[in-house]
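The following exercises are to be worked with the sequence and the model at hand. Each task is followed by a solution in steps.

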Amino acid sequence: MTYHPKSEFVSVMIERGFLADCTDYQGLDDALMAGVVPGYIGFDATAKSLHVGSLIQIMMLRWLQKTGHKPIVLMGGGTTKVGDPSFRADERPLLTPAQIDDNIAGIKAVFSNYVSFGDGASDALMLNNAEWLDGLNYLDFLRDIGRHFSVNRMLAFESVKSRLDREQSLSFLEFNYMILQAYDFLELNRRYGCLLQMGGSDQWGNIVNGIDLTRRVLDHEIYGLTSPLLTTSDGKKMGKSQDGAVWLNPEMRSPYEFWQFWRNTTDADVGRFLKLYTELPIDECDRLGALKGSEINEAKIRLANEITTLAHGADAAAAAEATAREVFEKGGVGDDLPTLALTKDDIADGISIVQLIVRSGLAKSGKDAKRLIAENGAKIDDAPLTDAGMMIDADKLATPIKLSAGKKRHALVTLT
């Protein structure tokens, strides 16, 4: 990156590793220096929570606000009905309007921890593109908007081309997605003076379409900025762990499990993740990321604490660290472990240890649980678990049972 920005926001994006590309560095920089710039990121409502794969975009909105500008969180109540085909091998399952509304309600809860909403110049807005997409007249839309799009050019975008090159079906419904997303940028510019769209680098084609459309229809200059598609140093996609997606909503992934995900970061990723997911000064991120041996573990604890504090609050981060120290350093149970609460009816005839491992979230299936036991990866109350046929009854649950999968994943089973 040879560009030397004047604005604080672009400087932060470059220094902390958020920036993959920008449609016009100079133009965006000048706009950011001239006044408050409203900028948006769109989030489709395909689940009741976002996961940590979206956290880089959420942090970009947070930094936009921290540097004096206006973040717009655009919920895709309309576009979720179509589904983004970008770099997917298959079509997304279609959701009902009720499911989409339910998902939006869950996602809204995440953002209040990262940006402040209100009526001020740099206060965040949360909008729903169903506001302008649901009422579109198809023929008017084709005439007024569709005429500005070249099918030849749309086919050349990498997100579409890669699907067609693999001879995988791309429905007309999905093909329309990029037109709808471009129209979002046009409407946000027209209604709210939005000058910037941000997103992952897989959204480059969609962002460029919105800029071109707005220039053609309104003759306004607007800008796009993308972040790298983040993978861990071992090549894994961000957002997933051994036991599934790492959700941001506490009811879908407990603060302790969230904390533990970051505590388990690979050594090589610590410095980079500190820059992206915390607000620690760059020098401190570099210092912590350069630690070696056992010292890097304290850097990982700092990483987990900082990120969990942003997502769930300082108390949740402190409780998670205390539980982790209790479990790992003292061999105890810990107050904040994920807990499976059973009733006497649940275990009237006894319950197998394999079922308990699955129900407590330590294995995805009975087959996985049996493999865990066979490979000596399971423990019960810190003792090796070797009998996959073990049955647990009410007497054995007179005191809580601690189950472990490997050294880092634990759960409690209690009787209520």
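**Exercise 1. Determine which residue of S15 stands opposite leucine 342, and place this pair in its sheet.**

Solution. The model is a predicted one.
Step 1. The residue opposite leucine 342 is leucine 415 in S15.
Step 2. The strands concerned are S9 and S15, joined by 4 bridges in the parallel sense.
Step 3. Both belong to an open sheet of 5 strands, ordered S9-S15-S14-S11-S12, in which the pairing is mixed.
Step 4. At the edges of this sheet stand strand S9 (339-342) and strand S12 (383-384); each has a single partner strand, so one side of each is left without a neighbour in the sheet.

**Exercise 2. Describe how S14 and S15 pair, and what lies between them.**

Solution.
Step 1. The two strands are antiparallel and share 5 bridges.
Step 2. Two pairs illustrate the register: alanine 405 faces arginine 409 of S15, and serine 404 has histidine 410 as its bridge partner in S15.
Step 3. The connection is a hairpin with 3 residues between the strands, and glycine 406 in the turn has a positive phi of about 70 degrees.
Step 4. S15 itself is mostly covered, with 6 of its 7 residues buried.

**Exercise 3. Is lysine 408 buried, partly exposed or exposed? Locate this residue in the chain.**

Solution.
Step 1. Lysine 408 sits in the loop between strand S14 (401-405) and strand S15 (409-415).
Step 2. The relative accessibility of lysine 408 is 42%. The class of partly exposed residues lies between the limits of 20% and 50%, and lysine 408 therefore counts as partly exposed.
Step 3. As a reference distance, the C-alpha atoms of lysine 408 and asparagine 176 are separated by 45 Å, the two residues being 232 residues apart along the chain.

**Exercise 4. Establish the strand order of the open sheet of 6 strands and examine two of its pairings.**

Solution.
Step 1. The order is S1-S6-S5-S2-S3-S4, and the pairing is mixed.
Step 2. Strand S1 (21-22) and strand S4 (125-128) are the edge strands, each pairing on one side only.
Step 3. Strand S2 runs parallel to strand S3 (residues 70-75), with 6 bridges between them. In this pairing, proline 38 stands opposite lysine 70 in S3.
Step 4. Strand S2 (residues 38-43) is mostly covered, as 5 of its 6 residues are buried.
Step 5. Strand S5 (residues 196-200) and strand S6 (residues 223-227) are likewise parallel, joined by 5 bridges. Here glycine 199 has threonine 226 of S6 as its bridge partner.

**Exercise 5. Compare the radius of gyration of the protein chain with that of a compact globule, and characterise the chain as a whole.**

Solution.
Step 1. For 416 residues, a compact globule would have a radius of gyration near 22 Å; the 24 Å of the protein chain agrees with this.
Step 2. The C-alpha trace spans about 75 × 50 × 45 Å along its principal axes.
Step 3. The secondary structure comprises 18 helices and 15 strands.
Step 4. Buried residues make up 51% of the chain. The exposed area is about 19100 Å², of which carbon and sulfur atoms supply 50%.
Step 5. Among contacts with a separation of 6 or more, 72% link residues 24 or more positions apart.
Step 6. The side chains include 45 positive and 57 negative ones, and the centres of these two sets lie 3 Å apart.

Technical notes: Residues are numbered from 1 along each chain as its sequence is written. This is a predicted model: local features need pLDDT of at least 70, side-chain atom pairs count only at pLDDT 80 or more; totals for chains, interfaces and linings use all residues. Side-chain values use heavy atoms; hydrogens and water are left out. The radius of gyration is taken over C-alpha atoms; the globule rule is 2.2 Å times the number of residues to the power 0.38. Buried means under 20% relative accessible area, exposed over 50%, partly exposed in between (1.4 Å probe, protein chains only). Contact means heavy atoms within 4.5 Å. Accessible areas come from the Shrake-Rupley method with a 1.4 Å probe; for residues, only the protein chains shown count as cover. Lys and Arg count as positive and Asp and Glu as negative; His and the chain ends are not counted. The place of a charge is taken as NZ of Lys, CZ of Arg, CG of Asp or CD of Glu. Two strands pair if DSSP finds at least two bridges between them.
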